[in-house]
Amino acid sequence: MPAALLAGLEGVLRLAGFGRPATFLIPDERPGYVRTNPDFMASFMPGSFDLRPLNERLARRKPPGTLRVVLLGESAAQGIPVPAFGFGAQLRAQLRARFPGRRIELLNTGIVAINSHVIRSIARDTAGLDPDLYVIYMGNNEVVGPDGPGSAYLADMPPRWLIHLSTAVRASRTGQWLGRLLARLRPARGRSPEWGGMSMFTGHGVRGDDPRLASVDANFAANLRDILATAGRGGAKVVLCTVVSNLKDCAPFLSQHGPGLSAAQLREWDQAHQAGLIQYLIGSEATAEHQLERAREIDPQYADTAYLLGQMALDRGEVADARADFLAAQHWDALRFRPDEPINAIIRQLAADAGPSVKLVDLARDLGSDRASTGPISGHEILFEHVHFDWPGNVAVARAMADAAADLLGGGGRDLDLDQIAGAVGYCAYEREHVLEQVGAIVTHAPFTSQVTYPLDQARYAHSLSQVQAVARDPAVVRDAVRRLRAAVAADPENADLLTLLEDADDKSGDLNAALADARAAASLQPYSFALPTDQAIKLTRLGRTAEAEELLVRTAARGSARDRALMAPAFADLFLREHRPDAGRRYFAEAIRDRPGDLSLELLRARFERMAGDGASADSDFRSILAVHPANETALDGLLACLDDLGRSADGDRTALQFSASQTDNRNNDLRCAVLYDHRGDAANETRCLLAAEHCGPVTSGVEIKLTHNLFAENQPEAAFLHLGWARQLAQLEGEVSALSQIDSVIARISSQHQ
């Protein structure tokens with residue numbers, strides 16, 4: 001009877017149109033087609049995170065002569081930082097060359113932050129598409145993904161059967177109704193949490209000897225076994241890949257001491273580890289190795305120690321020892337954004353057990369992140385940060401996957417070379433700037449700020465970005481990008497990614513009419529999303545066709561959710577500013593904020609709108625109101641300081657910057673501004689505090705490190721001073737500052753001789 005009642009309630013709710021579909025694929029507006037479900041992740045994570053699959057559409061029935069491929073995985077499979085250049089896009093291009101007589105469809109199901117519990121559901125939902133091939137690249141998020149012990153939002157880790165049952169309940173209309181009812185009964189707690197990226201996980205460390213990791217591995221194996229069974233029942237072949245992580249150039253995110261160390265041991269360890277790090281930075285590796293080995297004897301579980309020893313072994317050319325040290329560092333890294341060795345062992349074992357329809361591609365071994373690898377150790381040559389591939393890595397991965405697919409399916413075409421694959425996906429020098437900007441949005445925030453190599457990593461990133469910016473802004477480079485992209489679109493007219501890239505290039509070249517045509521063509525190839533007409537409206541506004549733009553925005557807003565309307569706010573703001581209608585803009589933001597009270601992004605945008613509309617007093621008030629509630633919000637402080645500069649109140653700006661220096665320690669620009677102000681006041685202690693804060697939230701120069709060294713020596717902190725002198729040396733080498741490097745080495749030699 002309870003089952004019958006629940007089934008009846010579910011049926012009534014569905015007939016009444018309550019709730020949302022929870023499957024990965026839902027019917028598209030275009031008859032006979034399905035699309036990815038923007039609300040799919042609400043069954044696995046808080047809906048306020050608004051994490052969505054890529055916006056894709058394909059025919060429900062596979063057209064004749066079509067090779068249909070489903071790519072399963074997480075953010076690395078999606079192609080972060082820019083999916084258009086990821087190995088999924090490249091794999092499709094390679095398969096078009098390998099199977100010249102067939103139409104290639106590749107459905108990229110990768111989503112940020114998911115794990116095998118979610119991917120298992122995606123595999124089942126896509127089985128009805130009659131895929132010829134599944135390509136599986138997963139295993140990075142087993143600890144930090146939904147229901148993993150390191151998850152920031154669902155870390156209870158119940159038994160696997162209960163995880164899947166609770167997911168099914170949340171996906172049902174009955175579960176959605178109960179969830180909404182319970183939310184109304186709970187006391188108000190403000191706005192629901194929004195997705196904060198990797199920084200959300202910094203308080204959720206999981207040690208390398210945590211007993212829950214055995215359950216993580218067992219769940220992964222069971223989920224992967226289910227996925228392979230799903231593929232087998234549908235007659236699809238499978239390319240199953242081990243996963244690659246950055247061993248060489250990704251320091252641990254969170255090092256923790258092993259249990260049971262006494263206070264005396266911790267003091268001894270700290271002295272040895274700090275001395276080893278300093279000696280490593282100043283180039284005295286023999287002494288550094290001795291000290292760090294001493295630290296490792298005291299605490300073999302501290303990840304940073306193993307990582308630094310691995311760097312020194314690599315410098316000596318001892319690749320096998322270095323790889324072992326790097327793997328130990330990865331194992332003991334308590335923020336487990338990289339897969340541990342058992343994950344790949346499971347993948348290999350299940351591939352071996354699966355039979356001829358499953359082909360293993362051992363990318364971890366081939367690309368240098370496995371204990372059995374014999375080539376170069378995986379690092380920045382193929383990966384941006386911890387697990388996301390740079391262009392050379394994507395090329396290697398896609399080529400290996402295409403080889404395996406051809407073996408399984410009997411392809412006999414050709415392999416695309418580097419120039420051909422770049423042309424096929426629209427990758428060129430102009431696009432590199434956008435790629436690195438997306439990387440910067442990841443690596444300048446926690447947990448990367450906790451890495452022992454952060455100052456040098458940030459300097460390298462800033463150096464690379466400045467180089468590509470000079471190239472990307474050359475008009476000749478932009479014209480060449482337009483030419484290449486037009487050729488790519490002509491060769492692959494159904495590729496919406498190529499049209500979107502061409503839209504951006506036409507926009508940069510100044511041809512807004514062409515950019516608008518590109519945007520409309522790209523939209524015709526994709527399922528409806530509020531972002532597509534919004535993008536077109538922005539182009540119309542810039543072309544002076546404001547009436548068309550406003551009509552399109554109003555129509556789109558009426559169709560979208562409250563969240564969608566909030567995301568459309570920049571387009572409305574642009575329209576009202578260009579039309580010199582500040583009152584209309586104020587009314588719009590007042591309504592939008594009433595619709596989503598407490599939405600910080602809307603409040604910030606309203607303040608910026610007031611400033612751009614020339615109403616400095618209102619902007620000043622808005623920014624201060626935000627800071628009263630969110631004193632650590634960098635955007636609000638930066639906006640307020642800019643507003644004060646506009647009003648000619650620079651002295652007030654300086655006082656405001658100093659007022660928030662303690663609460664805005666992650667605001668590099670304000671940290672540096674305050675450091676200069678404190679220097680002028682002769683306040684060395686606060687200047688040092690601000691310089692240290694700047695060093696931990698973005699790139700600084702060797703000059704900043706030298707200033708820190710000077711201040712710390714003056715404050716009688718010789719060990720800390722020597723550490724920053726070491727960083728100054730490392731940065732001067734990167735900057736090519738020969739004279740500064742020579743002076744630093746002279747100081748190091750003098751101080752070293754005094755302490756011998």
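Which residue takes a positive phi in the hairpin of E1 and E2? Keep that one in mind for a moment, everyone, and hello. One word before we start: what you have in front of you is a predicted model.

So, the hairpin. Five residues sit between strands E1 and E2, and Gly32 is the one with the positive phi, near 85 degrees. Strand E1 covers residues 25-27, strand E2 covers residues 33-36, and the two pair in the antiparallel sense over three bridges. If you want to find the pairing on screen, look for Pro27, whose bridge partner in E2 is Val34. Now stay on Val34, since Val34 also stands opposite Leu58 in E3. Strand E3 takes in residues 57-59, and it pairs with E2 in the antiparallel sense, again over three bridges.

Put those strands together and you get an open sheet of three strands, in the order E1-E2-E3. Which strands stand at the edges of this sheet? They are E1 and E3; each has a single partner strand, so one side of each is left without a neighbour in the sheet. Neighbouring strands here are turned by 35 degrees against each other on average, ignoring direction.

As a quick reminder, strands of a sheet pair through backbone hydrogen bonds, either parallel or antiparallel. For the parallel kind, let's move along the chain.

This other open sheet has five strands, ordered E5-E4-E6-E7-E8, and its pairing is parallel. Its edges are strand E5, residues 103-108, and strand E8, residues 358-361; each has a single partner strand, so one side of each lacks a neighbour in the sheet. On average, and with direction ignored, neighbouring strands in this sheet are turned by 20 degrees against each other. Strand E4, residues 66-73, pairs with E5 in the parallel sense over six bridges. One spot to look for is Leu67, which stands opposite Ile104 in E5. Helix H3, residues 87-98, packs on this sheet and touches E4, E5 and strand E6 (133-137). The direction of H3 makes about 165 degrees with that of E5.

Now for some helices. Helix H18 runs over residues 475-491, which is 17 residues, and reaches 25 Å from its first C-alpha to its last, close to the 24 Å expected at 1.5 Å a residue. Which residues of H18 are buried? They are Val477, Val478, Ala481, Val482, Leu485, Ala488 and Val489. They cover an arc of only 140 degrees around the axis, which puts them on the same side of H18. Here is the general idea behind that: an α-helix has 3.6 residues a turn, so residues three or four places apart point the same way. On the other side of H18, Arg479, Arg483, Ala490 and Ala491 are exposed. The cover over the buried residues includes helix H15 (418-425), helix H17 (454-472) and helix H19 (496-509). At the N-terminal end, Asp474 acts as a cap for H18, with a side-chain oxygen 3.0 Å from the backbone nitrogen of Ala476.

H17 turns up again with helix H32. The buried residues of H32 pack against H17, helix H30 (668-681), helix H31 (684-695) and helix H33 (718-735). H32 itself spans residues 702-714, and its 13 residues reach 18 Å from first C-alpha to last, close to the 18 Å expected at 1.5 Å a residue. Its buried residues are Ser702, Val704, Glu705, Leu708, Thr709, Asn711 and Leu712. Just after H32, Asn716 takes a positive phi of about 60 degrees.

Let me finish with two single residues. Is Asn223 buried or exposed? Its relative accessible area is 0%, and anything under 20% counts as buried, so Asn223 is buried. You'll find Asn223 in helix H7, residues 212-233. Leaving out residues up to four places away in sequence, Asn223 touches Ser116, His117, Arg120, Arg160 and His164. Take Ser116: Asn223 and Ser116 are 107 residues apart in sequence, and 6.0 Å apart in space, C-alpha to C-alpha.

The other residue is Thr541, found in helix H21, residues 531-542. With 4% relative accessibility, Thr541 counts as buried too. Again leaving out residues up to four places away in sequence, Thr541 touches Thr546, Ala549, Asp574, Leu575 and Arg578. Thanks for listening!

Definitions and conventions: Residues are numbered from 1 along each chain as its sequence is written. This is a predicted model: local features need pLDDT of at least 70, side-chain atom pairs count only at pLDDT 80 or more; totals for chains, interfaces and linings use all residues. Side-chain values use heavy atoms; hydrogens and water are left out. Two strands pair if DSSP finds at least two bridges between them. Helices (H or I, at least four residues) and strands (E, at least two) are DSSP runs, numbered from the N terminus. Axes are lines fitted to C-alpha atoms, for helices over the stretch in contact, and angles run from 0 to 180 degrees between N-to-C directions. Contact means heavy atoms within 4.5 Å. The expected span of a helix is 1.5 Å times one less than its number of residues. Buried means under 20% relative accessible area, exposed over 50%, partly exposed in between (1.4 Å probe, protein chains only). The arc is that of the directions from the helix axis to the C-beta atoms. A polar contact is a pair of N or O atoms within 3.5 Å; within protein, one must be able to donate a hydrogen and the other to accept it, and residues adjacent in sequence count only if both atoms are side-chain atoms.
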